[in-house]
Structures are given as C-alpha cells and as structure tokens.
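Biologist: Please take one region of this model and go through it closely. I want to know what is buried, what covers it and how the neighbouring pieces meet.

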Amino acid sequence: MDARRIDLSDIINVGGSYADHLGIAEDVIRQGARLGLIDDSKAKRVLRMIGAQGESPNGRLPLFAADILAAPAIMENPQEFKSWFNGLDNKGTKEQQAANAVPGMHGHHGNSVSSIAAAGQDLPVRDHVRMLNEINRNPEFSDVDMMGTNREYMLGIFEQEHLRDKEMNAHLDPLKDGVTNTGYWQNDQSYHSEMDPIRRAALVVDETLRPQQALSKAAFNSPLNQEGIQVAADDLGITTDELLDVSTNSKGKTQANENRDALKKSGFDAKGMGKVLHMDRRSASNNTTSNAGVLDDRPGVADTRLRLGMSGNMEWREDAQGFLSSYLASNNPRRRR
C-alpha cells in the first residue's frame, strides 16, 4: 500500500475507523522506539500529541489525520517510518508554537496533551476516542474548549509565567506551594477505575481539565504576562489582538509568528524586557513527574490490527545491515527462541 494513498472520508466525523488508525499509529511509534529508531522522549511526546487530538476548530481536519490514516502503510513498510514520524513531530511543534508572538514566549496547551492522552491510555483505542468525542461534543462540557494541539487554543505565555514564577505559573503543583510540576495533571487520577468511556469523560473534565484550564488561563491573563504582551504590541505599533493573531498566510505561517520575527529583526531583546518587568523574580522549584506506561501497548492492540486487515502478531525486525522489515511473530513461545 502506498502511504500517500489515504482515505479521509470518515475524518470529519472522528469515529471508529479513525480510532483504529490511531491505534496503529501508536503501535508503529512504540515499535520504532523499541528498536531504537527514535528517542524514547520524542516517542512519548508524539504519542501524547496524537492521543490527545480530537476534532479541530473551524471545520478543519484533525491536525494529524493524514499521517494517522497512513499508519497501516508504515506498519507494512517500516523503512518509511522515520520520515513519517518526523513529519508528525514537526507538524505538532509548528502548531504548538503558532501563537508565539514574542521572542521568549512559550506555546502552552491550555489542557496538557499529556493529561488528555493519559486519561485514556488504559482504554482500548475506540473507547479512548469515544471519551475524547464526548468531551468535545457534549454541550455540558462546552467550557472545556482548549483540547489538543490547535493553534487557536495555544496560549502564548512568557517563560516566567509558564514555568518559573513561584506565586503564579501555568504548571504550579496545586498541592505544593511554589513548586512547578508539568506532570501533575497526568498522574494518580481516580477515574481510571471507571472503564465506561462516557462516564470517564465526565470525571476527566471535572477532575483534570476544568481546574487545569483555569490555571492556564490565569497564567496567561496574569498582570506580568499581559504587560509583556502589551510592551511587544506597542513596539510594533499594533493592538494585542493583532499581535497574537493566529490566522495563517499562504505558506501556513501565523501572523503571530510573523510578529515574533519582526520583533527579532528590530532588535527586540526578550531578556532585557524580562529584567525591566522583573520576570526573573521568585523562581519556583521543579518537581516534575511523568506518567508511566506511555510506551506500553494499549489494551486490544492485536484486535485493532485485525480490524484493519493485518495479523495480530505483526512485528518489526532489523537485520545486520540495518534493513527494517515486518514479520509475523509466533504465538508459540518455543518458536520465538
């Protein structure tokens, strides 16, 4: 199968077929990581991004749709894996940074992709997507409006208010004063005992997404962050809304990124502005945690392969010359030796 020949017909309505392809995309990335084709840290990052991505705003296809629908072809042709994976990684990075309108500004997910992906990583992939769809579509959850990696939902936050401020930053640990913990919302949540995806969605919203999004918006709207945004807008002679505009040009670059580049070209000094605004004050300590199991197989992965016409035992191997191929692993433990 040619990886470029893909069917986007069911993607507007993210459903079962998309979920199965997502399961294969995750499977492919985990196999690549096990063989050392990519760093574990990059594998985890991309797995979290694709596992958190539901529907996109304004009728756009989900950000990674084409890549995810190509995953079965990559499973059968592992030589194409690295270029496919790098495309996913670059696409996610570009979208995450789309709202970065000022040198030194970070692109922050209002709800971390780690927490969204972790909320369903112990579910079969179709149930995981049902959970995401429930969060995205149920009117009762309309206030949770910052899901996945979409430029419209990214928050441009200066480093101090993103990670460092002891009194207010977007990743403060709610249980420990003055401590930054970028992994807090993805660990030790109580809803993993609820296996029904619809009921779990409600628990995820209340326990993780609503409080996390409130903290993110508070950091973005903090006086220090807003003052930095105003200073940058004044330097360019535009409004703050114009500064943060994420509409794209014909090359797919956002106006916010254009503004960042213009500020750099004019000699705008992010470090100097930080000192003037006292952005180097009261640094928080770092106690970041990380969710376990990101590289473990999702439940039901063999069934997902079978639904897409593959063997449930398909694996990759690399020969002495470094050539990658797929093969059928035996169910008989004696024959695996």
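Modeller: One cut-off comes first: a residue is buried under 20% relative accessible area, exposed over 50%, and partly exposed in between. The model is a predicted one.

A surface case shows the scale. Asn-286 has a relative accessible area of 58%, so the residue is exposed. Asn-286 sits in strand β4, residues 285-286. His-171 is 115 residues away from Asn-286 in sequence, yet their C-alpha atoms are 9.8 Å apart in space.

Asn-313 falls in the middle class. Its relative accessible area is 24%, so Asn-313 is partly exposed. Asn-313 lies in the loop between α14 (301-307) and β5 (314-318). Phe-268 is 45 residues from Asn-313 along the chain, and 56 Å separate the two C-alpha atoms.

Now the close look: helix α6. The helix spans residues 113-120, and 8 of its 8 residues are buried. They are Val-113, Ser-114, Ser-115, Ile-116, Ala-117, Ala-118, Ala-119 and Gly-120. What covers these buried residues? The cover includes α2, β1, α7 and α9. I will take those elements in turn.

Start with β1. This strand covers residues 105-109, and 4 of its 5 residues are buried, so β1 is largely enclosed by the rest of the structure. Its partner is β2, residues 154-158; the two strands pair in the antiparallel sense over 5 bridges. Two of the residue pairs can be named. His-106 bridges to Ile-157 of β2. His-108 bridges to Leu-155 of β2.

Strand β2 is buried too. 5 of its 5 residues fall in that class, so β2 is largely enclosed by the rest of the structure. Met-154, Gly-156 and Phe-158 point one way from β2. Leu-155 and Ile-157 point the other way.

Met-154 also leads to another element, through Glu-95. Met-154 is one of the residues that Glu-95 touches, as are Arg-60, Leu-63, Thr-149, Asn-150 and Arg-151; residues up to four places away in sequence are not counted. Glu-95 belongs to helix α5, residues 81-96. Buried or exposed, then, for Glu-95? Its relative accessibility is 9%, so Glu-95 counts as buried.

Helix α5 also meets α2, another part of the α6 cover. The axes of α2 (residues 40-52) and α5 come within 10 Å and cross at roughly 65°. That angle makes α2 roughly perpendicular to α5. The crossing is left-handed. On the α2 side, Lys-42, Ala-43, Arg-45, Val-46, Met-49 and Ile-50 take part. On the α5 side they meet Phe-85, Leu-88, Asp-89, Gly-92, Thr-93 and Gln-96. By class, the α2 and α5 contact has 6 nonpolar, 3 polar and 3 charged residues.

Next come α7 and α9, which also help cover α6. Helix α7 runs over residues 125-137 and helix α9 over residues 197-220. They pack at about 60°, with their axes 8 Å apart. That makes α7 oblique to α9. The crossing of α7 and α9 is right-handed. From α7, the contact uses Asp-127, Arg-130, Met-131, Glu-134 and Ile-135. From α9, it uses Pro-197, Ile-198, Arg-200, Ala-201, Val-204, Val-205 and Leu-209. The class count for α7 with α9 is 8 nonpolar, no polar and 4 charged residues.

Helix α7 also packs on α1, residues 16-34. The axes of α1 and α7 come within 8 Å and cross at roughly 120°. The two helices are therefore oblique to each other. The crossing of α1 and α7 is right-handed. Helix α1 brings Gly-16, Ala-19, Asp-20, Leu-22, Gly-23 and Glu-26 to the contact. Helix α7 brings Val-125, Arg-126, His-128 and Val-129. The classes for α1 with α7 are 4 nonpolar, 3 polar and 3 charged residues.

A general point helps when reading such contact lists. An α-helix has 3.6 residues a turn, so residues three or four places apart point the same way.

To return to the part you asked about: α6 has 8 of 8 residues buried, under a cover that includes α2, β1, α7 and α9.

Methods: Residues numbered from 1 in each chain as written. Predicted model: local features only at pLDDT ≥ 70, side-chain atom pairs only at ≥ 80, totals over all residues. Heavy atoms only, no water. Helix = DSSP H or I, 4+ residues; strand = E, 2+ residues; numbered from the N terminus. Buried < 20%, exposed > 50% of the residue type's maximum accessible area, 1.4 Å probe, protein only. Axes fitted to C-alpha atoms, helices over the stretch in contact; angles between N-to-C directions. Parallel < 35°, antiparallel > 145°, perpendicular 65-115°, else oblique. Left-handed = near helix turned anticlockwise from the far one by under 90°. Contact = heavy atoms within 4.5 Å. Nonpolar A, V, L, I, M, F, W, Y, C, P; charged D, E, K, R; others polar. Pairing = 2+ DSSP bridges.
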